[in-house]
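Okay, hi everyone, thanks for making time. I'll put the structure up and then walk you through a few places in it.

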Amino acid sequence: MPDVAFINGAFMPLAEAKVSIEDRGFQFGDGVYEVIRTYNGRPFALETHLARLDRSAKALDLTQPYSSVEWTAHVLEAIGRAAYPEAKIYIQVTRGVAPRDHAYSAEATPTVVMTVREFHPLDRSIQAAGVEAMTVEDIRWGRCDIKSVNLLANVLARQYVRQAGVFEAILVKEGVITEGAISNVMVVQGGTVVTAPEGPRILPGVTRAVVLNLALSEGVPVEERFLSQSEIYEADEVFLTGTTVEVLPVVRIDGKVIGNGRPGPIAKRLAASFTNRVA
Ligand code: PLP
């Protein structure tokens, strides 16, 4: 089977998968999600992704229908059915189907959706050259730590960068860098990796945590604090972390050259360590 869908416990081809128009995910964006990728057919950091799914659901008082053990079995079965060497697994849990009313009933049965599609990793030449980014005002809500399907501000930011022909939006809230529209942002200043602290303003990225641990284990100091917009232009290095981008150097922001305009030594080292880690 190529692209696989799993809806409320049943597997089917993606083209046959449907949910009701009364689903609160469709009506209100009332749901949470995760994106996981495989390396050589195996899901990377599945447990951490499932733990975050659980945290996001709990934060919205949304009952998760499956335990981590049950989810793991479903995810592995889905990967097996799709049989792609590199796959992207998208899990979504919404508050389910109910007549439209902003307030919800505790009895609603959640809708569970999982899809598995082929994943095309970024070309290694893009990784090697680094990418360009632009700053965009962070107009998201006050709980960006919840991985909610309500992604309108990210949708707009990604559209701006597509129109500008650059790779990622670096979000700026009240003068400080929060994160990217689909990634976390890290900066190197005098040999230290600096990134925004966990809290309501950023998504606690699974890749972010792996990369910060790799840095520490290699003796690279790490500091979690907010950086101002001007600090990012003056940084020695800037890079993005995320499930789909891994560790991706940024060499230009808003047309300004970062460092010497090429991926820096710490970003390159952490990208290599990350590749070793996933292998
Ligand atoms: N920040 C945002 C807003 C994201 O959407 C993502 C990934 O989708 C990330 C950060 C990176 O998180 P992760 O490393 O868990 O993929």
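Before I point at anything, one term: when I say strand, I mean a DSSP run of E with at least two residues, and the strands are numbered from the N terminus. With that in hand, find R252, which sits in strand β15. Oh, and keep in mind that this is a predicted model.

So, is R252 buried, exposed or partly exposed? Its relative accessibility is 35%, and buried means under 20% while exposed means over 50%, so R252 counts as partly exposed. If you want a feel for distance, take R252 and E77: they are 175 residues apart in sequence, and their C-alpha atoms are 42 Å apart in space.

Stay on strand β15 for a second, because E246 is there too, and the strand covers residues 246-253. E246 has a relative accessible area of 7%, so it is buried. What about its phi? The angle is near 55°, a positive value, and E246 is not a glycine. For background, most residues other than glycine have a negative phi.

There's another one like that to look up. E174 also isn't a glycine, and its phi is positive, at about 45°. You'll find E174 in the loop between β8 (168-173) and β9. With a relative accessible area of 69%, E174 is exposed.

Now, the ligand. Where does it sit? In the largest pocket. The ligand has 17 residues around it, and the closest are R52, E179, V206, T207 and T243. By type, that shell splits into four nonpolar, nine polar and four charged residues. Three elements, β9 (176-180), α6 (206-217) and β14 (237-242), each give at least two residues to the shell.

Let's zoom in on some contacts. In E179, a side-chain N or O atom is 2.7 Å from a nitrogen atom of the ligand. V206 uses its backbone instead: a polar atom there lies 2.8 Å from an oxygen atom of the ligand. And K147 has a polar side-chain atom 3.2 Å from a ligand oxygen. How much of the ligand does the protein cover? On its own the ligand has 390 Å² of accessible area, and the protein covers 92% of that.

Next stop, the loop between β7 (131-137) and α5 (152-164), where D138 is located. D138 has 5% relative accessibility, so it counts as buried. Its side chain makes a polar contact of 2.7 Å with the side chain of T178.

R143 is in the loop between β7 and α5 as well. This one is partly exposed, with a relative accessible area of 33%. Click on S56 while you're there: R143 and S56 are 87 residues apart along the chain, yet their C-alpha atoms are separated by 9.9 Å.

Last one, V194, in strand β11, which runs over residues 192-195. Why does V194 count as buried? Because its relative accessibility is 0%, and the cut-off for buried is under 20%. Its C-alpha is 6.7 Å from that of R225, and the two residues are 31 apart in sequence.

That's my tour, so go ahead and spin the model around.

Key. Residues are numbered from 1 along each chain as its sequence is written. This is a predicted model: local features need pLDDT of at least 70, side-chain atom pairs count only at pLDDT 80 or more; totals for chains, interfaces and linings use all residues. Side-chain values use heavy atoms; hydrogens and water are left out. A residue is near a molecule or strand if one of its heavy atoms lies within 4 Å of it. A polar contact is a pair of N or O atoms within 3.5 Å; within protein, one must be able to donate a hydrogen and the other to accept it, and residues adjacent in sequence count only if both atoms are side-chain atoms. Accessible areas come from the Shrake-Rupley method with a 1.4 Å probe; for residues, only the protein chains shown count as cover. On a 1 Å grid over the protein atoms alone, a cavity is a set of points where a 1.4 Å probe fits but cannot get out, and a pocket is an open set with protein on both sides within 12 Å along at least five of seven lines; lining residues have an atom within 4 Å of a point. A molecule sits in a cavity or pocket if more than half of its atoms lie within 2 Å of its grid points. Helices (H or I, at least four residues) and strands (E, at least two) are DSSP runs, numbered from the N terminus. Ala, Val, Leu, Ile, Met, Phe, Trp, Tyr, Cys and Pro count as nonpolar, Asp, Glu, Lys and Arg as charged, and the others, Gly among them, as polar. Buried means under 20% relative accessible area, exposed over 50%, partly exposed in between (1.4 Å probe, protein chains only).
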